[in-house]
Structure formats: structure tokens, C-alpha cells
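Colleague: I would like a close look at a single part of this model, the ligand site. The structure comes first, then my question.

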Amino acid sequence: MIRTENDYFLLSTGSSSYAFRILETGQPEHLHFGPPVRFEDLPYLTEKRAFPAGNMISYDREHPAVTLEDLCLEFSAEGKGDIREPFVVIVYENGSRTSDFIFESFECPEKRPDWGTLPVSYADSDSGSPASGEAASGETEPSDSTGRTCADAGAEYLVTRFREKSHGVLLELLYAVYPDAGVICRQARLVNESGEKLRLLRLMSTQVDFPAKGYVFSHFWGSWAHEMKRSDTAVSSGLFAVSSFTGTSSNRSNPFVMLSRPGTSEGSGTCYGFNLVYSGNHYEALEVSAYEKSRFVSGINPRGFEFLLEPGDTFTTPEAVMTYSGHGFAGLSRNMHTFIRRHILRGYWKDKERPILLNSWEARYFDLSEFRLLPLAKSAKDAGIELFVMDDGWFKGRNSDTSSLGDWEADRKKLPGGLKGISDKVHHLGLQFGIWVEPEMVNTDSDLYRTHPEWVIQIDEKTHSEGRNQRILDLANPAVVDYLEEAMARVFEESRADYVKWDMNRIFSDVYSPYLPAERQGEVFHRYVLGLYDLMGRLTRRFPRILFEGCASGGNRFDLGILCFFPQIWASDNTDAVCRVHQQENYSFGYPLSCLTAHVSSCPNHQTLRNTPLETRFAAAIFGIFGYELNLEDLKPADREKVKAQTELYKKWRAVLQSGDFYRVRHGNTHEWICVSPDRSRAVGFLFQALVHPNTQYAVFRAKGLDPDALYHFYNNPEQQDIRKFGSLINTASPVHVRQDSLVHNVIARFMTMPGEEEDALISGAALMNPGIRLKQAFSGTGYNEEVRHFQDFSARLYFMEKMPQP
Ligand code: DGJ
């Protein structure tokens, strides 16, 4: 609901309100973002001002009390007294940087205005399932006869317009309100109606001024294979900023961030989530002013950014996504999940079940050939896998990462029948066929580079600093985008690809577009992203049935911009289950796990050399879009049987895991998660333990999101335990002495296993959620029979819950 009257604006989602008003002087005063308030309350939320304090700048003689330095503003510019982080910075032809934007008009368009160029959220009243989670209070306000209400099925829109007083530049702010998700989005557009040539140094996507200080800034950062570490920083004074300058949204700092009041937990407390629909350099900052107010801004990173606007040109920012939760991080995540699933993901695969895949990368790396791949595909089929993916290494001369990127033709030595040949054979096995590409890159050792060195981001007179021996194609150049569209279309057509993994394996250096003139080199980063979106848009429209997966050395471009085109992203090159539990859990704060992919790989793990049980690797991976990435042929027969059982089990629960609601229940040494079907009739629980602590054997599993009034069958799939896991303790049961790891020990293990503990209960949803169900006692120095949960370091369990029919 959007309501406006007498220069007051109230945007309500049902679970949150966002309000501002226009001051007498024409600037927008931000009034509130937080729990719901009434329109009638708004006058009491304005700041009561009678005089300027101390040495502050007064806006003008008529309004001495309007001191922009300490006002909460909807956006701010430089030069008229506000010295905090600006929203917009423009250099005018006379060299001045002072802007003074004054309110001009507003409208509530029925449909979202088309601002072109960038992907944005959307409303589609037909696409959503019933609302769920915190935002589903269903509150609707009656339309008001004196005021104006703006409504559209699924979303409501507001556009406000501000005109620069002396230069005539127009600044438009677009708001989209999604009541079903408890989310409000913002976007800004600058229209150069000044008649002069402008240099735009900064235009943020959102600014939220809070009237107090004392927020904790949480962000998610990392590096290759080490994505999504969380840091919480209490910002009591000064400026705290995080950003990406890699040219991508990056694993160095994800654009999703949270602000919270100290003490906020999963289930209680005030917090805010922010994200950007953008895949390039970004910036998020929280500044505490000298007057103890907090300003949050987020948008394109101003570093390395400068955009020239000729008269008549426009510049549009990425869209910012904002949510408020008064019920802790769980509420925030529920809102973000609902929003992404309904209003970001799109296309054929949006709500479709995704196939189980086997990816060739960790199985064979560059050592690919039809001869080697087909037996692997055959064992995938035997194991119940549905999609076979040929990763890097299939194209002309690609035997290592030093050559061939750009030459997208099959290497006939490896694939004598070309792409069609291998694809036909894989299809013939009854599997879908997928292929890896890295369209944005080129090796200097490639025909493409030799023919078109001018298509590459590099500076002629400088030695290029390489990343993974490759360079980045200049997507700011439309000719490159045209070429790539056709090159990729040929690959997709020839291979009859059902799935495409779109990789991107380096960050930017030596940033320079040979296509752009010198005065536009500050536009390269952003124009690259625009070119990328153009390319992705063309190919996803041309091949709507292909399941695309984004990837950038793992999670180096995990963001909402990519998710507007591709429904899933490879979250990390780290496939170690222990690391994945942490990473996936941290992704879940801002993203639904059903948009990230997770694979079972071999052990010792290729990134960490850690050993984890196959059961744990499976349990962690099914809480993402699930697949395998190992040489199935090399597995022991018993493990192959286990994989087969895993794929069967997954197929039974796939719908719940891919379309259910995900909740974090507990995290620390143990991690507890649950995924509940939208109708709350089925759920899968996850319990993982990092390290065993002695005498902590009485675990409780607590559910979330179930129907409290329903009766559930709670059970597990008991796993047979390998007796070698008990080491020399075998001698406490064996009539003859068995030397540990001896031939005898191994022979006994082949014929004898220990039955795993069984859980089987009929229990109400209310009890499962609180206090939770008590699990079988864990091994703790004594006790090793089937009544005991053998829960070692890195162990995991899956629990299944099914609603029983009412008696
Ligand atoms: C990086 C990706 O993240 C890996 O999964 C793999 O596809 C390699 N690139 C291939 O070069």
C-alpha cells in the first residue's frame, strides 16, 4: 500500500512501513523505516526544528532551521550543508559540484515504468504461491477517499521527481513495494535536462537515514573457495564501508548486508537486510554523524566510476532491495527468500524441479575425451543421476588453463564426433547433456585473440597483469556482444545443451576499453555489466529451455543481477562439506538455498584434503541444488550403492528441498536446519556436528515452520555403520584379538556392519518445534549398539517429517 497526501508519503508492506515527506524548502525528509505506523502518525515523526545549532549551515535565510547536515533525508547531494556520505555527486560544466534538488512532482504508475538497461525485480500476480513467513500477515489498508492510493496486483509503485535548482537536471526515485515479501525496492535515475555536459561521479541506489546510532553492520566476505564469512561490526562513530572493486559483485564482499540492533538473534530483535540487483563493483556504507544519526547508502562503487552525460542522456542505477524484520534474522531471511523466489527468479526454470547432475570437473579436470566421459556418464545413469555436465577442457587445444578460451569449437582429438557426437551419445544413455562455457574470456593463445586483440580489456602500452592466464573481453563494445551471442548460440545448438554452466574466472586489472574514448574510461566497469546483461538476456531469450547456472570461480559473482537471468549459481569451488555447511548457512541469510548449487565430491576433499563421511557430504549438498562432482567409476562398490540410494531418496524429497521454506534452527558447533514444504505437510531436517565434545550426547532436534496442530511422523534412514570406525574398540566385543587395520579387521568389516540408530515417532508439530524431540543418545566413550547415535566429527543426520492424516 502506498498512500500520499499533503506532501507525506507512506509505503507499507503489512509488516513494515517506510515514510518521508517534502519539506517546505523542497528536500525530502526521511521519516521512518521499520515497524508499521499509521498515515496519521506521520506528522509526529517529523523533526521539530526551531533554530540552527552551533556552526551548522542553514539552507537559506527564510529557513534557518533547515540544516541539511543533521536532517534525515531521502537522498542527499553535496554542497548545501550535508557533509555525510552523499547519494549523488555531479560535476557541472563550470566545475562546481554543488547540487540542490527540489521536489517537483510524483506519480503512482499502475505498472512499473520501464527504465531499460538493467535487470530489476518484477511483479507477476500469477507466479506466486500463497504468501508465507513473516510478511504474510495479509494486512490490507482501505483506500482513502481524501488521500491517494497506488495499487497493482503484486506490487505498487511510486515515482518522485526532483529538479536541480540552477542546472535543471532531473532526479527520479522509483519505489516498488512488495507486500507479500515485506520488501521495498528503490532505484534512481538522472536525466540530463540541463543543456550542459555533466560528469556523474556518484549515484547511489538507496539511502536510508536512521534517527539514531548503535547499529551492527553485518557483511559477508571472503576469497576463492572461502566465500561468505560473516563479520558483525558495531558502528558507533565514523564511517564503516564495504565494497567490491573486482569488476564483479565478488566473493571479497557480497552486496547483501544487514543492519541490526545489538542483541538481535535468529528469533528476536530489529534488523534490516539490503541487497542490490547488480553484478559489478558495489559499495555499502554506514556513517554515524556527529549528531549521532546513522546513514546507510548502497549502490555502484564510486571508486573507478565516472559517467559522462551529454544533454538528454540518462543514467539509471541498479535497484536496491530493502527489508525490515522485527523478529530477528529469521524474519529478514524469510522476506529475502520470498522476494527472490517470486520477484527476481524468472523464466521456464523458476519453479521447475532441477535435475541431479554429475559434473566432470573434479572427476577429470582437463583430461577429457569422449572415450573417458562416456563410461562416467554411464555410471552416472546407473546411479540415478539425470544430467551429465562436460566441464572445462572440451574445446580446441584446451589441455590446461593457458590456452584456447575464445575458440568455442570442439577439440576433435578429444571429441571425434564433435559436440553433437558426445551429446547424442549422452542423450542416448537417457541423460540430459550439459556444457561448460566461459564466454567473457579469452587466452592470448587463441585464434580469437590473434584476430581481435582490440576486443580485449587491456592497455596497449602496458604489460598486462594476467589472472588465470586469461583476459577479459570488452563487453562495453557492442560488436563483442554480437559476436559472443552467435558463438555461444552455435555451441548451444550444436551440443543440444539442456544445461549450461557459465563461468567467469578472473577479476579485472588494467581496466581500459579500446572501444571507448579517453573521456569515457570511467564508464568501463559499468558498461561491461550492461554488455553482460545484454548478452545474457539475448541468450536466455533465445534458449528459454536451457537451465543456465552462473559461476565465477565459485561464488565470485553471486548476486541478484545474475539471478534475474540464471536460476542457480555455483556457490563455491570449495566442495568440502564442513566448509559448505558454513557457506550455505551464511548464504541463507540473504538468498534461498534453492538458488545455489552444491555437489558431493570425493575424499580427501580436493580443496582441503579433509575426509568427511559420504552421508555428511550428501546431507549438506541436498540443501542446495544437488549434484555430484567426482569419479563415480573409482568409488568402491559399497559407496556406489550408497550413491544410488542417495539419488533415490533425494528424488522423493526433491520437491520439499527445492521449493520448501528454509529455516536455520541453531548454529555453533552443531548446525541444525529444516526445509518445510509450502503446505507444511513434509519437512527434511538436518543436524551436523563439527567436532565431538565429550558428554554432550543428549541432543534435541527442534523443528521450525511446521503446523503446530498437526501430528507428524518423524523418522530417519538408519545408516549401517562401518565397524572400522570403532578402531581397536572392536576387541571389547570380539572373542579373539583383532589388530586394528589388519587384514582380519578389514575382512570382518566387509561382512559385518553395525546397524545405525533408528528414530521413529509420532509427535505433534508443536512439540517438534518446542521443546523439540529428544534424539537417541550419542556415543560418548561408552555404548556401541544400535540404540546409540554414532556421531563423530563432521557427522550429519537427516530427519524426515510427514504430516499424518487427521484421525
Ligand atoms: C572454475 C569453476 O568454478 C569450476 O567449477 C570449474 O568449472 C573451473 N572453473 C573450470 O575451469
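Colleague: How many Å separate a polar side-chain atom of Lys 501 from an oxygen atom of the ligand? Please take the surroundings of the ligand along with that.

Modeller: This is a predicted model, in which local features need pLDDT of at least 70 and side-chain atom pairs count only at pLDDT 80 or more, while totals for chains, interfaces and linings use all residues. Residues are numbered from 1 along each chain as its sequence is written, and side-chain values use heavy atoms, with hydrogens and water left out.

The distance from the polar side-chain atom of Lys 501 to the ligand oxygen is 2.7 Å, which falls under polar contacts (pairs of N or O atoms within 3.5 Å). In the side chain of Asp 573, an N or O atom is 2.3 Å from an oxygen atom of the ligand. Gly 554 takes part through its backbone, where an N or O atom lies 3.1 Å from a ligand oxygen. The protein buries 98% of the 290 Å² that the ligand exposes when taken alone (Shrake-Rupley method, 1.4 Å probe).

There are 13 residues around the ligand, and those that come nearest are Asp 391, Asp 392, Lys 501, Asp 503 and Asp 573; a residue is counted if one of its heavy atoms lies within 4 Å. By class, the shell holds 6 charged, 4 nonpolar and 3 polar residues, where Asp, Glu, Lys and Arg count as charged, Ala, Val, Leu, Ile, Met, Phe, Trp, Tyr, Cys and Pro as nonpolar, and the others, Gly among them, as polar.

Note on methods
Polar contact = N/O pair within 3.5 Å; in protein donor to acceptor, adjacent residues only side chain to side chain.
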